[in-house]
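Here's a walk through one protein chain, from the overall numbers down to single residues. Keep the viewer open while you read.

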Amino acid sequence: MKSFFKIFLASLLAFFVLCVILFFVFVGLITGLTSSEKVTTGAKAVLVLDLGRSYPEIGVENPLARFSDKEDGDVPSLYDVLRMIRHAKSDSAVKGIYLKCSSNGNGMGASQEIRNALLDFKTTGKFIYAYGDVITQGAYSVGNIADKIYCNPKGGVDWRGFAIQLAFLKGLLQKLEIEPQIFYAGKFKSATEPFRETQMTEANRLQLSVMLGDFYNRLLLQTAEARKLDTATLHQYANEYKIQFASDAVTYKLIDGLKYDDEVKNEIATKLGGVKLDKINFITVQKYAKAVDFKRDGKEKIAVIYAQGDIIDGKGDRDLIGSVTYRELFRKARLDANIKAIVVRINSGGGSALASENMWRELTLARKGGKPVVVSFGDVAASGAYYLSCNADSIFAQTNTITGSIGVFTMLPNLEKFFNNKLGVTFDGVKTAPQADMLTATKPLTPAQRAWLQNSVDSTYLTFKQRVAEGRRKEVSYIDSIGQGRVWSGSRALELGLVDRLGGLDDAIACAARMAKISDYRLREYPEPHNILEVIFGNYEKDNTQSAIQKEFGEEGMKTWQTMKRVKTMMGVTQARIPFEMSIQ
């Protein structure tokens, strides 16, 4: 028996060692294979930019993607795309850009940054061609700057104006006998309206009408400039629904012509000097990223920290701004003597007020320590996202950034009647203090408990206003007058003093460099990309779950699932957040 155990343990140890060796051999093989392939731009290249792709603030690097049939396994970040366009401007191998312009997977702020980068690209005299079978308004808002923009003869161009439609759940909750116990500060704080109203309040209707009007006017102005038309005429086209067919878009000069895909590419081939259609060197942004070095290099360092998604307490992930994770990132940049300035790029509608306070604290400490802090707003930087940013040295936003929403709320459902009358479930228990079970969802709140929660919300709102007043050098009364939960466009936010300048991430980085008095610098970007081990063994259940839900229930089902997740995270937690779903069509 003793001999058996010796042999068994020796064999087990040998097996373990073998597994470890094979593991490292496998990792080395994969790493070697993924790094050995040399990608080149080639001659007479045409950079392909698909507006239908969503370019997030934090890109996705998948070194195993090249082993699949999908060439676009990597998803470049928005800023990577902007840097590649800028690099292509001076790259003699790139002769032009081809915009896939059927749809636009990016928000208004991101679209504005892409559009500005394309306008800058055009200053070299290189061409930009845009094409779509059916061109949406979002895609057209970017593609209209192209030298030529074409549409499928049997397709169409969407030109109807903008609209926002919100869903209200009060009637459903009443049928289910669920009472949403809601507490909020700010008459414009509309995040709870879906649960307490059957239609928009007048305050919400006012704020959304003004903001949407700002966005629409911007579209009219930019289109008028690009297409050499006037805004009144463009507005009339939408009001009278003049653009019903693809031919109408040509008649009214919104596009340059009707062509099929092969005809557009033949025109590009001619532009390149008579290259054959099947020999056009189209290069995607994913491939171009591997072929060129588009990131700047220098002696000094500026930290660029990307934050996207809802703000939550705890760690979060790359699509959730967890206070613990980001507090550590901010602190790391603050305490690193080699980092001369901090730039925070935010794309978030807010979330936990306490999480925002904790991140605000770290950025405030960095600023007090003499390290410049500059914030760049993306598509949206409102409520809790504005909270954590408000004490920065300088804040940049796009004209179409959704920002502001200085207000607070919390909610706790009373499910007693639902469980009792609908499911036949009742609850009972014991407690050691009168308020020990205050935050349970199985009974109504008492008047005293309601007062306590409302006081908590009011106290957080006061702190929020004080933070903004301090950071923006305004009186608390003034912040209250433009706060109350109201959302603003970036252009209005500039007028009100909520932001300092209009511009993108490049502008914010340049500002940080000036403040730090450095010119020879490189960027240290956070969060850092996944390494090979994380790609192979990392936790991707979230991505798989989301893909499965979207495949089974479609885009609307996905939105419903995301809304349910948000509702769960905010129960009994004081929130600084904009409405759950505010999709502009």
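What follows goes from the whole chain to helix packing, then to individual side chains and backbone oddities.

First, the ground rules. This is a predicted model, where local features need pLDDT of at least 70 and side-chain atom pairs count only at pLDDT 80 or more, while totals for chains, interfaces and linings use all residues. Residues are numbered from 1 along each chain as its sequence is written, and side-chain values use heavy atoms, with hydrogens and water left out.

**The whole chain**

The protein chain has 21 helices and 21 strands; these are DSSP runs numbered from the N terminus, with helices being H or I of at least four residues and strands E of at least two. Of its 585 residues, 48% count as buried. Buried here means under 20% relative accessible area, exposed means over 50%, and partly exposed is in between (1.4 Å probe, protein chains only). About 27,900 Å² of the chain is exposed, with carbon and sulfur atoms supplying 54% of that; the areas come from the Shrake-Rupley method with a 1.4 Å probe, and for residues only the protein chains shown count as cover. As for contacts (heavy atoms within 4.5 Å), residues 24 or more positions apart account for 75% of those with a separation of 6 or more.

**Two helix pairs**

Two packed helices are described by the angle between their axes and the distance between the axes. Axes are lines fitted to C-alpha atoms, for helices over the stretch in contact, and angles run from 0 to 180 degrees between N-to-C directions.

Take helix α2 (residues 78-90) and helix α3 (residues 108-122): their axes come within 9 Å and cross at roughly 10°. That makes α2 roughly parallel to α3, a label for angles under 35 degrees (over 145 is roughly antiparallel, 65 to 115 roughly perpendicular, and the rest oblique). On the α2 side the contact is made by L78, L82, I85, A88 and K89, and the α3 side includes I114, L118 and F121. How do the residues of the contact of α2 with α3 divide? They come out as 9 nonpolar, no polar and 3 charged. Nonpolar covers Ala, Val, Leu, Ile, Met, Phe, Trp, Tyr, Cys and Pro; Asp, Glu, Lys and Arg count as charged, and the others, Gly among them, as polar.

Helix α12 (residues 323-335) packs on α13 at an angle of about 0°, with the axes 9 Å apart, which makes α12 roughly parallel to α13. Among the residues making this contact are Y326, F330 and R334 of α12 and M359, E362 and L363 of α13. The residues of this contact divide into 7 nonpolar, 2 polar and 4 charged.

**Side chains worth a click**

Helix α13 (residues 353-368) also holds T364, which counts as buried because its relative accessibility is 4%. R196 sits in helix α6 (residues 193-196) and is buried too, with a relative accessible area of 15%. Not counting residues up to four places away in sequence, R196 touches K170, I182, Y184, K189, S190 and T201.

T284 belongs to strand β7 (residues 281-284) and is buried at 17% relative accessible area. T284 and T41 are 243 residues apart in sequence, yet 9.9 Å apart in space, C-alpha to C-alpha.

R160 lies in the loop between β4 (148-157) and α5 (170-175). At 44% relative accessibility, R160 counts as partly exposed. Leaving out residues up to four places away in sequence, R160 touches Q137, A238 and Y241.

Here are their polar contacts, meaning pairs of N or O atoms within 3.5 Å; within protein, one must be able to donate a hydrogen and the other to accept it, and residues adjacent in sequence count only if both atoms are side-chain atoms.

| Side chain | Partner | Distance |
|---|---|---|
| T364 | W360 backbone oxygen | 2.8 Å |
| R160 | D158 side chain | 2.5 Å |
| T284 | K287 backbone nitrogen | 3.2 Å |
| R196 | T192 side chain | 2.7 Å |

**Backbone oddities**

Y241 has a positive phi of about 50° although it isn't a glycine; Y241 is in the loop between α8 (231-239) and α9 (246-251). E177, also not a glycine, has a positive phi of about 60° and is found in the loop between α5 and β5 (179-185). Finally, the peptide bond from Y526 to P527 is cis, with omega near -5°.
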